[in-house]
Amino acid sequence: MAPNIDWLSRFLATVSLSGRVEIRCSYGAPWNVTYQDSPIGEMPYHVVMAGTAVLEGPRGEEADRLSAGDIVLYPHGDGHVLRDATGVPPGPVTEREVLNVLLSENTGAGERLEMVCGRFMIAAPHSRWLRDYFPPVLVVRRGEGHGEATATATAQLHALLSLMRGEADSERLGGYALLNALSAALFTLVLRASSEGAASPPGLLMLASHPRLAPAIAAMFDQPARAWTLPELAALSSMSRATFMRRFQDALGRSATDLLQDIRISLAANALKTSTLATEAIADAVGYRSVAAFRRVFTERTGMTPGTWRREFTPGLKA
């Protein structure tokens, strides 16, 4: 990858994210959509194109009202419910396959809802980024556009949603491929809009909203094999070591060293799947001079040794 690439783009390339549109909902109230917990590494999302919806989380959280243009994403894959506001038991729905998307409809006569639902996928072992660095639920609202950067991100996001709605409504050649490509782009714009908002959620998105920390984050993604010290990273951010550590921990909930280790292990996991290099060479390439230390950290973060990982995902290769 070229050196002058922003750190979020590098992160997205490392975790090999993909997107998939699954269903288009066209309901009249009353209606109800229930999602069970998703498999690890899968993040269901919903885009309200028209109408309103009530969102209920898995742990008895206060219900949240969504309006046209709002997007909700569950990075941890938690189960949840979307319903209308009437509280009336819903009637039956019918599903039929139209070109490129599954259409779910009902015969309700109340307020109309148009919604597109899908999911983002991140391959193992990168799925742990979702648990450790993202909030359980992420909501981006159409009306939240305070400041030039946030307003621009929101405008870009909803231009993309307009394209998605057009493809979901039409039956045109290449629509399925385009919907999935737009779905993957949607994730990036959701992260951008969230990180540039006035109240970024804790984790990677809050870290992104601190521009003074960006040089240190970019450096770790650019040169993960370098033996970075905290004073060096702090100097890149024009901070003292103590201030850098505090601000990093407050924003991310984890240390800069933890982030660097996760970057290294993610890159190593990719190399073990795609390269015939020996484990020792891969360990050295991502910054571990001790193979024993690499094996220990890799096992802690993935649940298996580098050799087991390689045999699991690349049959026929030797660790």
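## Rings and strands: worked exercises

Trp129 and Tyr133 both sit in helix H2 (residues 128-133), four residues apart, which is about one turn of the helix. Keep in mind that this is a predicted model.

**Exercise 1.** Work out whether the rings of Trp129 and Tyr133 are stacked, tilted or edge-to-face.

*Solution.* Start with the distance: the two centres are 4.8 Å apart, and the planes make an angle of 35°. Pairing needs centres within 6.5 Å, and stacked needs planes under 30 degrees apart while edge-to-face needs over 60. So at 35° the Trp129–Tyr133 pair counts as tilted. As for surroundings, Trp129 and Tyr133 are both buried. Tyr133 also has Arg254 over its face, 5.5 Å from the ring centre.

**Exercise 2.** Do the same for Tyr45 and Phe120, then find where each sits in the chain.

*Solution.* Here the centres lie 4.5 Å apart with 20° between the planes, so under the 30 degrees cut-off this pair is stacked. Tyr45 belongs to strand S3 (residues 42-50) and Phe120 to strand S10 (residues 112-121), so the pair links parts of the chain 75 residues apart. Both Tyr45 and Phe120 are buried. Now zoom out: these two share one aromatic cluster with Trp129 and Tyr133, plus Phe11, Phe134 and Phe187.

**Exercise 3.** Identify the edge strands of the open four-stranded sheet.

*Solution.* Write down the order, S2-S7-S4-S5, with antiparallel pairing. S2 (32-35) and S5 (64-67) each have a single partner strand, so one side of each has no neighbour in the sheet. Next, check S2 against its partner: four bridges join S2 to S7 (residues 80-83), and Asn32 stands opposite Arg83.

Notes:
Residues numbered from 1 in each chain as written. Predicted model: local features only at pLDDT ≥ 70, side-chain atom pairs only at ≥ 80, totals over all residues. Heavy atoms only, no water. Pairing = 2+ DSSP bridges. Helix = DSSP H or I, 4+ residues; strand = E, 2+ residues; numbered from the N terminus. Phe/Tyr/Trp six-rings, centres within 6.5 Å; stacked < 30°, edge-to-face > 60°. Buried < 20%, exposed > 50% of the residue type's maximum accessible area, 1.4 Å probe, protein only. Lys NZ or Arg CZ within 6 Å of the ring centre and 35° of its normal.
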